[in-house]
Amino acid sequence: MGCSGEEEKRDRELIGFGTATPTSRRYSLELSSLPQTDVSREYMLMLPRQPKIDPKSSAPLSSSDEWIEPLAVLVFTLVLAADASMFAINPIFQDAPIPLVHALSDRLVDKTFKDGEVILQDGEVFQTGKSFVYFIVKGEVEIWKEGNFIMLLQQGEKFGELAALRKLPFRQATAKAKGAVACRADMGAANADADAALSRTLDGASLKALVPNAGPLNCRGKWTLVLEQALDRIEAGDKTLDPHVVHQTEEFVTIHDGYPKAAVHLLVLPRARVAALEKLTREHLPMLMRLSSYVAWLLQQVEGRPGVPGVGWIHGVHSVPSLKQLHVHVMTLDLNSPCMKNAKHFSSFLPPFLVSLDSVIRALQDGVFADRSLKKLEEDMKKRSLCCHRCGADFGRGFAQLKRPAHTWREDSGTDISRTAQAFECLRHVARTFLAFAEDVRAGR
DNA sequence: GTTCTAGAAC
DNA sequence: GTTCTAGAAC
């Protein structure tokens, strides 16, 4: 990130962390090291070097709470601190399930610009896969329209999103750096070029209906080997598997999950046999990149299809899977179905138990893959509080309560919304939850 | 992956 | 009484 770890330390002082949820506000602020285990609901409180007090806030702040309001930065283990502060500052990030926060933070990249440099040009053709939304980490950005200065944007603010979110063909204004500017930018798909190339070779029409789900595969041998067996049978031309297969390419096969944990729940299998995550080596990298692109293509295709609730999608691999053969889960974010029966089911589809394919690829590239403590993750999963991924409510280990209808997804967002727009929309929830928490701390509740 | 069950925990 | 956990069998 443009704002490196070192710079981040200089900018903010870590003063502690707590855990907060709307229903149980356990936010004792103990001085402590960064919590590495929980990515979902740990809030890190950081003190900005120069606290800014919101002028609109009428309540006078005592010296002891001055740090609360402007400060508090919500950090997930996988969300970089700069992203987290950006999410907290920016009002568009108000309604976010955790998985999509990760997805977005994952794909943000650093961009820096020199004084006077034109970042976006009014009327420029908007191209998917090129940078389309920027968040200012450092510096200021001028917005110009038809020769007139419109406004000056500052740290934490965003620009460039109009064309993307409204699906406009052209940029709507010119953005120019005032002084040195550092941004975090969403470039769209991480492998935009590969994705585009893949899109040209794949045919969406060959994708079969997403509902109904064909149910469990019948398995003659050990259940843990069912996926490998399915690949064997598909490759042997076994027609009885046809209802289970949603799409296939030379390299990958997409099938229904036999016990869907969401309205739509697919598994993407590479035909190359990879027994488990820990069997991956750098030699698999090219295949994994193509797999990532294929999943991106699939996500484009499935959006808005019949039977798909407009709640967004998540995708990734289980850090501790039960079945052999590498498989990528691609599913709707309702996380609700008759097969969703216990705490493990639920937790396993939220970070850190669901790992993005991109992070697997990065780990392989960085060579840190072997350090993963899978056993510890499994233990954590058994103890962790169940927090609704939609409203954030904490149900402890009460799975039955979590699954009550009132806490399942409402299908109230359109299906015509782009994945990125959806991620943004969802991020608002995080900011709201966080700000409510900060408000409570400030009020001494 | 599931199902079933006994026993612990609430 | 109900709900959750953990282990065995599939």
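User: Why is D122 called partly exposed in this model?

Analyst: In this predicted model, D122 has a relative accessibility of 24%, and since the class called partly exposed lies between the limits of 20% and 50%, D122 counts as partly exposed. K145, with a relative accessible area of 27%, is placed in the partly exposed class as well.

User: How do you know that D122 and K145 form a salt bridge?

Analyst: The closest N and O atoms of D122 and K145 are 3.4 Å apart, and the criterion asks for a side-chain nitrogen of Lys or Arg within 4 Å of a carboxyl oxygen of Asp or Glu, so the pair qualifies as a salt bridge. D122 sits in the loop between β4 (118-120) and β5 (133-145), while K145 belongs to strand β5, so the contact ties together parts that are 23 residues apart in sequence. The structure holds nine salt bridges.

User: What makes the pair E235 and R271 a salt bridge, and where in the chain do the two residues lie?

Analyst: Their closest N and O atoms are 3.6 Å apart, which is within the 4 Å limit, so E235 and R271 are counted as a salt bridge. E235 lies in helix α7 and R271 in the loop between β11 and α8 (285-302), so that the pair links distant parts of the chain, 36 residues apart.

User: Why is R271 called buried, and what class does E235 fall into?

Analyst: R271 has 18% relative accessibility, and buried means under 20%, so R271 counts as buried. E235 has a relative accessible area of 42%, a value between 20% and 50%, and therefore E235 is partly exposed.

User: Which salt bridge does E235 form with R273, and what network includes them?

Analyst: The side chains of E235 and R273 meet at 3.3 Å, N to O, which satisfies the 4 Å limit. With E235 in helix α7 and R273 in the loop between β11 and α8, the bridge ties together parts that are 38 residues apart in sequence. Through salt bridges that share partners, D232, E235, R271 and R273 are joined into one network. R273 counts as partly exposed at 37% relative accessibility.

User: What makes helix α7 largely enclosed by the rest of the structure?

Analyst: Eight of the 10 residues of α7 are buried, and the helix is therefore described as largely enclosed. The buried positions are V226, L227, E228, Q229, A230, L231, R233 and I234, and they pack against β9 (245-248), β10 (252-256) and β11. Just after α7, G237 takes a positive phi of about 85 degrees.

User: Why is R220 called exposed, and which residues does R220 contact beyond its neighbours within four places in sequence?

Analyst: R220 has a relative accessible area of 67%, and exposed means over 50%, so R220 is classed as exposed. R220 lies in the loop between α6 (192-201) and α7 (226-235), and beyond four places in sequence R220 is in contact with Q229 and R233.

User: How do you know that K261 makes a polar contact with DNA strand B, and which residues are around that strand?

Analyst: An N or O atom in the side chain of K261 is 3.1 Å from a phosphate oxygen of DNA strand B, and a polar contact requires N or O atoms within 3.5 Å, so the K261 pair meets the criterion. K341 likewise has a side-chain N or O atom at 3.1 Å from a phosphate oxygen of DNA strand B. The residues around DNA strand B are W223, Y259, K261, H318, S322, L323, H327, K341 and H345, and sugar and phosphate account for 71% of the strand's atoms that come within 4 Å of the protein.

User: What makes the listed distances of R397, F399 and A400 to phosphate oxygens of DNA strand C polar contacts?

Analyst: The distance is 2.9 Å for an N or O atom in the side chain of R397, 2.6 Å for a polar backbone atom of F399 and 3.1 Å for a polar backbone atom of A400; each is within the 3.5 Å limit.

User: Where in chain A is the confidence lowest, and where is it highest?

Analyst: The lowest mean, 24, belongs to helix α2 (residues 68-71), and the highest, 98, to strand β11 (residues 265-270). Over residues 1-79 the pLDDT is below 50, although this stretch has 168 contacts in the model beyond near neighbours in sequence. Where pLDDT is low, the predicted coordinates should not be read in detail.

Note on methods: Residues numbered from 1 in each chain as written. Chains lettered and ligands numbered in written order. Predicted model: local features only at pLDDT ≥ 70, side-chain atom pairs only at ≥ 80, totals over all residues. Heavy atoms only, no water. Polar contact = N/O pair within 3.5 Å; in protein donor to acceptor, adjacent residues only side chain to side chain. pLDDT = per-residue confidence, 0-100. Helix = DSSP H or I, 4+ residues; strand = E, 2+ residues; numbered from the N terminus. Contact = heavy atoms within 4.5 Å. Buried < 20%, exposed > 50% of the residue type's maximum accessible area, 1.4 Å probe, protein only. Near = heavy atom within 4 Å.
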